[in-house]
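Please take a moment with the sequence and the structure shown here, and keep both in view while reading. The paragraphs that follow move from single residues and their partners to the chain as a whole.

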Amino acid sequence: GPPCPPDWLVLEAPAWALLEGDTVTLRCRGWEDKSVTWVSFYREDKELRMLPDRTDLSLSPLRVSQSGRYRCR
C-alpha cells in the first residue's frame, strides 16, 4: 500500500475561500478513519484550546487574526 503519512491525523478544512465573519469548522480525523478520541489544535505552532472528546474546532465568527497554518495532534 501507500507509505504511511508522517502523522496519523488528517486536518480537514473548507476548500473554498473564507471571509471574515464566516463560520468555519476544522475537523481532525484519523488516517483511513482510524479512531480518534481527542486532539489538540495548533495555529502557527501555538496550542489552541483543547476540547475533550472533540475532534473539531469551530471558528465563529471568523476573524482575520485567526488566519495562519493550522494543525492537529
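A good place to begin is Glu-44, which, in this predicted model, has a relative accessible area of 40% and is therefore partly exposed, since that value lies between the 20% under which a residue is buried and the 50% over which a residue is exposed. The side chain of Glu-44 meets that of Arg-69 in a salt bridge, with a distance of 3.9 Å from N to O. This pair links distant parts of the chain, because Arg-69 sits in the loop between strand E5 (56-59) and strand E6 (70-72), whereas Glu-44 sits in the loop between E3 and strand E4 (46-47), and the two are 25 residues apart. Arg-69 is, like its partner, partly exposed, and its relative accessible area is 45%.

Arg-69 also takes part in a salt bridge with Asp-45, where the distance from N to O is 3.4 Å. Because Asp-45 belongs to the loop between E3 and E4 while Arg-69 belongs to the loop between E5 and E6, this pair ties together parts of the chain that are 24 residues apart in sequence. Asp-45 in turn forms a salt bridge with Arg-71, and here the closest N and O atoms are 3.0 Å apart. Arg-71 lies in strand E6, so its pairing with Asp-45, in the loop between E3 and E4, ties together parts that are 26 residues apart in sequence. With a relative accessibility of 29%, Arg-71 counts as partly exposed.

What do these pairings amount to when Glu-44, Asp-45, Arg-69 and Arg-71 are taken together? The four residues are linked in a network of salt bridges, and a search of the whole structure finds six salt bridges.

Arg-71 also leads to another residue, Ser-40, because the two are in contact, which here means that heavy atoms lie within 4.5 Å. Ser-40 is found in the loop between strand E2 (24-30) and strand E3 (41-43). Is Ser-40 buried or exposed? Its relative accessibility is 6%, so Ser-40 counts as buried. Leaving aside neighbours within four places in sequence, the contacts of Ser-40 are Glu-47, Met-50, Arg-71, Cys-72 and Arg-73. With one of these residues, Glu-47, the side chain of Ser-40 makes a polar contact of 3.0 Å.

Cys-72, another contact of Ser-40, brings us to a link of another kind. A disulfide is a covalent bond between the sulfur atoms of two cysteines. In this structure the count comes to one disulfide, which is formed by Cys-28 and Cys-72, with their sulfur atoms 1.9 Å apart. This pair, too, links distant parts of the chain, for Cys-28 is in strand E2 and Cys-72 in strand E6, 44 residues apart. The angle about the S-S bond is 70 degrees, and the link is right-handed. Both cysteines are buried, because the relative accessible area is 1% for Cys-28 and 6% for Cys-72.

We can now step back to the chain as a whole. The secondary structure of the protein comes to zero helices and six strands, and the elements run β-β-β-β-β-β from the N terminus on. Among contacts between residues at least 6 apart in sequence, 50% join residues at least 24 apart. Of the 73 residues of the protein, 22% count as buried. The protein exposes about 5400 Å², and carbon and sulfur atoms supply 52% of that area.

How values were computed:
Residues numbered from 1 in each chain as written. Predicted model: local features only at pLDDT ≥ 70, side-chain atom pairs only at ≥ 80, totals over all residues. Heavy atoms only, no water. Helix = DSSP H or I, 4+ residues; strand = E, 2+ residues; numbered from the N terminus. Buried < 20%, exposed > 50% of the residue type's maximum accessible area, 1.4 Å probe, protein only. Polar contact = N/O pair within 3.5 Å; in protein donor to acceptor, adjacent residues only side chain to side chain. Disulfide = S-S within 2.5 Å. Areas by Shrake-Rupley, 256 points an atom, 1.4 Å probe, with all protein chains shown as cover.
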